[in-house]
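Please examine the packing of helices and the nonpolar cores in this model.

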Amino acid sequence: MSTDVASLPSKPSARLNGLSGLGALPGVRQLMLLIGIAAAVAIGISLALWMRTPDFSLLFGGLGAKDAMAVTQALNGLGELYRIGPDGHSVLIPSGDLAAVRMKLAAQGLPRGNVSLRAGAAASSGSTFGLSDFAERMRYQANLESDLDSTIASLQSVSAARVHLAMPESSAFLRDRQPASASVVVTLYAGRSLSPGQVTAIVHLVASSVPGLDARHVSVVDQSGNLLTNGSPNGVAAQADRRFRIAQMVENNYARRIVAILTPIVGARHVRAQVVANLDFPQTEKTSETYNGKKPALLSKQTSRHRELASAASGGFLGRLVISRR
């Protein structure tokens, strides 16, 4: 009985010896080496592809069908790489191109509706468990302002930007509702300025990022306190700005022409020209009243009624009552 028990452990050891002998064969060793090399190459290729894949970030969220189509068509025209979110209402692009692409699309007036610039902005800074509605709304507003700051600061002429949003609490009563407003303070590099198109792009970007914000309620100010936006295109400030730009353009044009005429005579760098243009901007006011000949306007109306009070045959007094209404 003891000899049988002692002979049992010899079977597993024999199997191990058989496996080791199989691995000692030259063909099996080559096959295992090839499998190891192929696995290492596959892992290396997968790692390289993963490292080359760009990190995608949210460009716009909550897009309507028309806005999503317009944004994707614009991205195709710009040659930008993008992805459609799983919900079908968000567009993602590589993180490195996020700010530049937003400004390019804003210059084209896209998107036209209200969108979201941050996915889960309220939850991105941590857990919102136990926060009140006011604290959650303030956290969302702070994240939105920070995102707009970095986007506007991506302009070449802008060194830094700060966005202040005034988002009143919504009310069920129309008379108690207050419109949202925003102000943007931009710090420009020395000697740089923003063109009217860039200012319009900033205004459109901010207005389309905040629900219920009208572009007329967005103001842009530079670090010197100069207002870069005009509330009304026909206002006094807007007209003065247009006149100044026209005068400046005329002066620069005449100065260049004078230099171009005198340079061949006196030589280059020997002539300087400065022009001060005094332009006259006449204004004409016209008032007209037009009446339709087919349907003339009624200026006055007169109505008369006559009624007999008594007849002569009945022996009564003959009289007449005349009522005039003008």
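The following exchange concerns helix packing and core composition.

The model is predicted: local features need pLDDT of at least 70, side-chain atom pairs count only at pLDDT 80 or more, and totals for chains, interfaces and linings use all residues. Side-chain values use heavy atoms, with hydrogens and water left out.

Me: How is helix 5 oriented to helix 6?
Reply: Helices are DSSP runs (H or I, at least four residues), numbered from the N terminus. The axes of helix 5 (residues 98-107) and helix 6 (residues 133-152) come within 8 Å and cross at roughly 85 degrees, the axes being lines fitted to C-alpha atoms over the stretch in contact and the angles running from 0 to 180 degrees between N-to-C directions. Angles of 65 to 115 degrees count as roughly perpendicular. Helix 5 is therefore, relative to helix 6, roughly perpendicular.

Me: How many charged residues has the contact of helix 5 with helix 7?
Reply: Met103, Ala106 and Ala107 in helix 5 meet Ala201, Ile202, His204 and Leu205 in helix 7, contact meaning heavy atoms within 4.5 Å. Asp, Glu, Lys and Arg count as charged. By class there are 6 nonpolar residues, 1 polar and, as to charged residues, none.

Me: Which element gives the largest share of the largest nonpolar core?
Reply: Such a core is a set of buried (under 20% relative accessible area, 1.4 Å probe, protein chains only) Ala, Val, Leu, Ile, Met, Phe, Trp, Tyr and Cys residues joined through side-chain atoms within 4.5 Å. This one has 27 residues, and Ile202 is among those touching the most other members. The largest share, 7 residues, comes from helix 7.

Terms used
Residues are numbered from 1 along each chain as its sequence is written. Helices (H or I, at least four residues) and strands (E, at least two) are DSSP runs, numbered from the N terminus. Angles under 35 degrees count as roughly parallel, over 145 as roughly antiparallel, 65 to 115 as roughly perpendicular and the rest as oblique. Buried means under 20% relative accessible area, exposed over 50%, partly exposed in between (1.4 Å probe, protein chains only).
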